[in-house]
Amino acid sequence: MGLVFLGLGAGFLAGLFGIGGGVIVVPGLFWLLQSGGYSPASGIKVAIATSSAVMVCTALSSVAAHFRHNTIRWDVVQGVVPGLLAGAGIASVGVFSTIPADWLAILYATFVVFSATQLLHEKVSDHADHAEGGTLPSLRGMLPVGTVIGFVSALVGAGGGFLSVPWLVRCNLPMRNVIATSAAMGLPIAVVSTAGYLLSSTGASGLSSGTVGYISLPALAAVGLGSLIAAPAGAYTAYRISSLWLRRAFAVLLYCAAVHVLLRTFAGT
């Protein structure tokens, strides 16, 4: 049941904030996997990879909910998709299996702290109600942005929302468009990353029999079910209430998640 509740929380946050939910799924799975006998080295990689697979379910459900409100900026999504695919592919296939687990843990914690700080920043708030047609870069300018978002997100098992949301806000899109468009950007990242994780576990040790590639199938089924159920509720809430206080509470949770992953990786407990 713990995995299902983990999925419910991740799915709700994905729909509410346009994120992939990985910042919740990764530390939660990491703790559960270590409790089940995984070492820190294998546990952090399986947690990140399984989180990415969960985000395929989360993103599909979240995008469907936002699509009904017609708030996704498909022109932006189309502009960044080539970069998202390239960055996520390079990270999940070419880098993920070779990078030491300690480095992954440090990268994850750094990413999460950055994400939490962005959430606390005054620009990333429900009061950022900008006008349509802001300062979006050209299609050529969107390529490197998408590549960076895809690469970093694939390495840490996130959907890219904590990079794409601040960027879209700075491009002067209305907050509802920001959340919906960020959710749509997370889907190609999750799909490509998951495929890469399935292919990149050659020679890996310490993986259970229920793991395909670096992805734990039992965890994927339980967490994915919870995220599919909860993502529409998060999207529904995003259109009806101010979530500034939730952002602040979530930021505190992110700081705790970063400390948790570092302690369990380096203390081995």
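1. A strand, as the word is used here, is a DSSP run of E with at least two residues, numbered from the N terminus. On that basis T211 lies in strand β1, in what is a predicted model. T211 is buried, because its relative accessibility of 13% falls under the 20% limit that the term requires. The side chain of T211 makes a polar contact of 3.0 Å with the side chain of Y38, and, once neighbours within four places in sequence are set aside, T211 is in contact with Y38 and S216.

2. Just before this strand comes G210, which sits in the loop between α8 and β1 (211-212). G210 is partly exposed, with a relative accessible area of 22%, whereas T211 counts as buried at 13%. Leaving out residues up to four places away in sequence, G210 touches I215, S216, L217 and P218; S216 is also listed among the contacts of T211.

3. As to the overall architecture, the protein has 10 helices and 2 strands, and the elements follow one another from the N terminus as α-α-α-α-α-α-α-α-β-β-α-α. Of its 269 residues, 56% count as buried. Among contacts with a separation of 6 or more, 83% are accounted for by residues 24 or more positions apart. The accessible surface comes to about 10700 Å², and 69% of that area belongs to carbon and sulfur atoms.

4. Helix α3 (residues 40-67) can be checked against the expected geometry, since its 28 residues, at 1.5 Å a residue, should span 40 Å, and the 39 Å between its end C-alpha atoms agrees with this. For a reader who repeats the arithmetic, the expected span is 1.5 Å times one less than the number of residues. Of the 28 residues of α3, 22 are buried, so the helix is largely enclosed by the rest of the structure.

5. The loop that follows, between α3 and α4 (74-95), holds N70, whose phi is near 55 degrees, a positive value in a residue other than glycine. A second case is N172, in the loop between α7 (161-170) and α8, where phi is near 65 degrees and again positive in a residue other than glycine. Most residues other than glycine have a negative phi, so a reviewer may wish to look at both loops. With regard to accessibility, N70 counts as exposed at 66%, while N172 is partly exposed at 27%.

6. Helix α8 (residues 175-199) includes A180 and T181, and each of these counts as buried at 0% relative accessibility, as is computed for A180 and for T181. The side chain of T181 reaches the backbone oxygen of N177 at 2.6 Å. An α-helix has 3.6 residues a turn, so residues three or four places apart point the same way. Apart from residues up to four places away in sequence, T181 touches T71, I72, R73, V76, V77 and L168. For A180, the partner of interest is H69, which is 111 residues away in sequence and 9.0 Å away in space, C-alpha to C-alpha.

7. How many salt bridges does a search of the whole structure find? The search finds 1, and in it the side chains of D75 and R73 meet at 2.9 Å, N to O. The two partners fall into separate accessibility classes, because R73 is buried with a relative accessible area of 16% and D75 is partly exposed at 40%. R73 also appears among the residues that T181 touches.

8. The last point concerns the surface, where L198, L199, V212 and L217 make a nonpolar patch of about 360 Å². L198 belongs to helix α8 and is partly exposed, with a relative accessible area of 39%; that value meets the requirement for patch residues, because they need over 30% relative accessible area. Another member of the patch, L217, is one of the residues that G210 touches.

Terms used:
Residues are numbered from 1 along each chain as its sequence is written. This is a predicted model: local features need pLDDT of at least 70, side-chain atom pairs count only at pLDDT 80 or more; totals for chains, interfaces and linings use all residues. Side-chain values use heavy atoms; hydrogens and water are left out. Patches are made of residues with over 30% relative accessible area and no salt bridge: like charges are joined within 9 Å, nonpolar side chains (Val, Leu, Ile, Met, Phe, Trp, Tyr) within 5 Å. Accessible areas come from the Shrake-Rupley method with a 1.4 Å probe; for residues, only the protein chains shown count as cover. A salt bridge is a side-chain nitrogen of Lys or Arg within 4 Å of a carboxyl oxygen of Asp or Glu. Helices (H or I, at least four residues) and strands (E, at least two) are DSSP runs, numbered from the N terminus. Buried means under 20% relative accessible area, exposed over 50%, partly exposed in between (1.4 Å probe, protein chains only). A polar contact is a pair of N or O atoms within 3.5 Å; within protein, one must be able to donate a hydrogen and the other to accept it, and residues adjacent in sequence count only if both atoms are side-chain atoms. Contact means heavy atoms within 4.5 Å.
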